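Q: Please take a close look at the charged side chains of this model. I would like to know where they pair up, and how covered the partners are.

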Amino acid sequence: MFNKHKKAMRNAKFKKLITRTIGHVKVDTVLTEERVTPGDTLLGEVQLSSKKGFKEIEKVSVSLMQQFPFSDDTVANLSLITAEMRLSGEQKELNELVLPFELKVPYFTPKSAVNRKCWIQTDIDLPYKLDPRDMDFIEVNEHPLLPYVNKIVTEELGFVKTNREEVIHYPGFKPKWVIDKKILNHPLYPMLSSRQVPVAHEIEYFPPEEFRTKYREIEFIYDISENGMDLYVELQFIIPKEIGGYFKRAAISESDRDERIHKLSFINEEIEDPEIIKKKLMELLENTELPDELRV
C-alpha cells in the first residue's frame, strides 16, 4: 500500500504544498490535486520536521473541511472526512517524518460556492500549539450525475430549475443516542445518520406545467454511491385557499405539513437509461395524493 501511494505521489503532474508551523513542528502537507469530484480519492502526504523530535505527538490528522450556511448570516466549518495517522515509538524519535494519507471525497459533498468553500486542514495534537487559522482552499466539482439528471428533467420533463440551492445541516440526526421519534421517523434519517456530517444539499425546481396547480415546488436531494443513486424528492403542495385564513395556511407551511419526501432508487444500469428516470419521476408526480391536512 505504501509503495503504491509513494509511486502515485512521485508521478503526480501537480503537487500543492501547504506549509504550517505548529508549535515547534514545521508541517508541510502535499496534495496531488487542487480540484476534486465527489467520489474521488485525494492522495497526499504530511511532512514533519522538528529539531526537538515528535515525542509529544500521538497523532496527526488531515481533514477535508467545508463551510455550510446555518442561517442567512452565519456559517459553520464542518469536517467531511478525516484521516488520522498515529505515530509509533520509533517515529517519535526522528527529526523528520513523512506520513502518507488518502481521503475519499464523500459523494454528498456539494460543489464549491461562495458560502460553501472547501479546504484541507492538517492538525497535530501538540500541547500548547498555536492554532493555524489560514485556509488552503480546494475546489470541489459538481458530481456528474447532477447535471445529467438536471438535463433530463428540464429538457424532457419540463421542470424549471430555480436559482435557489441550500445545504441544510441536521445536527440531531447522528445515530448515537437518538431517541426523538420525530428524528427517527424522518424520511431522511437513514441517509443522514450514515454520514459523518448530517447535511443535505437541496436543489429546487418548479414543477412541469401540467402539475403547477398541484405542486408549488419540488426539491431534489441526491444520495450517490458506487452502485447507484437514491433520489429523495420533496414535493411541496399548493395549499388551497379554501383551507382557511392566511394565518392557518401560514402555520401549515411553517410546520412543513404541506410537504412530503419520497425516495426513488436507481441502480447504475437504470441511471444509464433516461427513460427509466423519467418514468419513475412522472409516476411519482401523477400518483402522489394530496395530504389529508390539505383536503378541502
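The answer below takes the salt bridges one by one and ends with charges outside them.

A: This is a predicted model, in which local features need pLDDT of at least 70 and side-chain atom pairs count only at pLDDT 80 or more, while totals for chains, interfaces and linings use all residues. Residues are numbered from 1 along each chain as its sequence is written, and side-chain values use heavy atoms, with hydrogens and water left out.

The whole structure holds 16 salt bridges. The term means a side-chain nitrogen of Lys or Arg within 4 Å of a carboxyl oxygen of Asp or Glu.

Start with Lys 278. Its side chain meets that of Glu 156 at 2.8 Å, N to O. Lys 278 sits in helix H8 (residues 274-287), and Glu 156 in the loop between helix H3 (145-155) and strand E11 (160-169), so this salt bridge ties together parts that are 122 residues apart in sequence. Helices (H or I, at least four residues) and strands (E, at least two) are DSSP runs, numbered from the N terminus.

Lys 278 also forms a salt bridge with Glu 275, at 3.1 Å, N to O. Here the partners are 3 residues apart in helix H8, so about one helical turn separates them.

How covered are these three? Lys 278 is buried, at 15% relative accessible area. Glu 156 is partly exposed at 43%. Glu 275 is partly exposed at 47%. Buried means under 20% relative accessible area, exposed over 50%, and partly exposed in between (1.4 Å probe, protein chains only).

Next comes Arg 195, whose side chain meets Asp 223 in a salt bridge of 3.4 Å, N to O. Arg 195 lies in the loop between helix H5 (189-192) and strand E12 (199-206); Asp 223 is in strand E13 (residues 215-225), 28 residues apart from it. Arg 195 is buried, with 6% relative accessibility. Asp 223 is partly exposed at 22%.

Some charges stay outside salt bridges. Glu 33, Glu 34, Asp 40 and Glu 139 form a negative surface patch. Patch members have over 30% relative accessible area and no salt bridge, and like charges are joined within 9 Å. Asp and Glu count as negative, Lys and Arg as positive; His and the chain ends are not counted. A charge is placed at NZ of Lys, CZ of Arg, CG of Asp or CD of Glu. Areas come from the Shrake-Rupley method with a 1.4 Å probe. Within the patch, Glu 33 lies in the loop between strand E2 (25-31) and strand E3 (35-36). Glu 33 is partly exposed, at 39%.

Definitions and conventions: Patch = residues over 30% accessible without salt bridge, like charges linked within 9 Å, V, L, I, M, F, W, Y side chains within 5 Å.
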